[in-house]
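This report looks at enclosed space and at aromatic ring pairs in one protein. Please view the sequence and the structure before reading on.

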Amino acid sequence: AGKSTTFSMLIGVTSPSSGTAYIEDYDIRTALPAIRKRLGFCPQYNILVNKMTVIEHLEFFCKLKGRTWDPSEAMNLLSSLQLDVKQDARAGTLSGGQQRKLSLCIALIGGSEIVMLD
């Protein structure tokens, strides 16, 4: 109980009502940009855009993290999760399992040092 709420606080979606937490010595109340650059998060529910392709998702979220986009890193991730054949498929056409795999790739893209799975 409270896992999703805790994750929301750690990634800065929700502010804690009191206290704080640290991720790699970064305070979640004062250093969210630095935390988000290092952090990958796979939410409980998919946050995919149906009309965007698999590869577009990875590029978008990599750049959103402030990391350097590397297509070869993306292809390695997709290949390791057997999604490489779907790189140009729109997210809305993927099966539920493939969408979860894409959500995991999004969490990992950009060399995330910390990955949280809800």
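The text below takes up the cavity and then the aromatic pairs.

The model is predicted. It holds 1 cavity of 30 Å³ or more, and the volume of the largest cavity is about 30 Å³. The lining of this largest cavity is made up of Phe41, Pro43, Ile47, Leu48, Ser103 and Ile106. By class, the lining residues comprise 5 nonpolar, 1 polar and no charged.

Turning to the rings, the structure has 2 aromatic pairs. In one of them, Phe7 and Phe41 are tilted, with 5.6 Å from centre to centre and 50° between the planes. This pair joins distant parts of the chain, as Phe7 belongs to helix α1 (residues 3-11) and Phe41 to strand β3 (residues 39-42), 34 residues apart. Phe41 is also among the residues that line the largest cavity.

Phe60 and Phe61 form a pair as well: their ring centres lie 5.2 Å apart and their planes stand at 85°, so the pair is edge-to-face.

How buried or exposed are the four rings' residues? The table gives the relative accessibility and the class of each.

| Residue | Relative accessibility | Class |
|---|---|---|
| Phe7 | 17% | buried |
| Phe41 | 21% | partly exposed |
| Phe60 | 44% | partly exposed |
| Phe61 | 15% | buried |

The classes follow from a cut-off: buried means under 20% relative accessible area. Phe7, at 17%, therefore counts as buried, whereas Phe41, at 21%, counts as partly exposed. In the edge-to-face pair, Phe61 is buried at 15%, and Phe60 is partly exposed at 44%.

How values were computed
Residues numbered from 1 in each chain as written. Predicted model: local features only at pLDDT ≥ 70, side-chain atom pairs only at ≥ 80, totals over all residues. Heavy atoms only, no water. 1 Å grid on protein atoms, 1.4 Å probe; cavity = no way out; pocket = protein on both sides within 12 Å on 5 of 7 lines; lining within 4 Å. Points joined across faces, edges and corners; volume = space filled by probe spheres on them. Nonpolar A, V, L, I, M, F, W, Y, C, P; charged D, E, K, R; others polar. Phe/Tyr/Trp six-rings, centres within 6.5 Å; stacked < 30°, edge-to-face > 60°. Helix = DSSP H or I, 4+ residues; strand = E, 2+ residues; numbered from the N terminus. Buried < 20%, exposed > 50% of the residue type's maximum accessible area, 1.4 Å probe, protein only.
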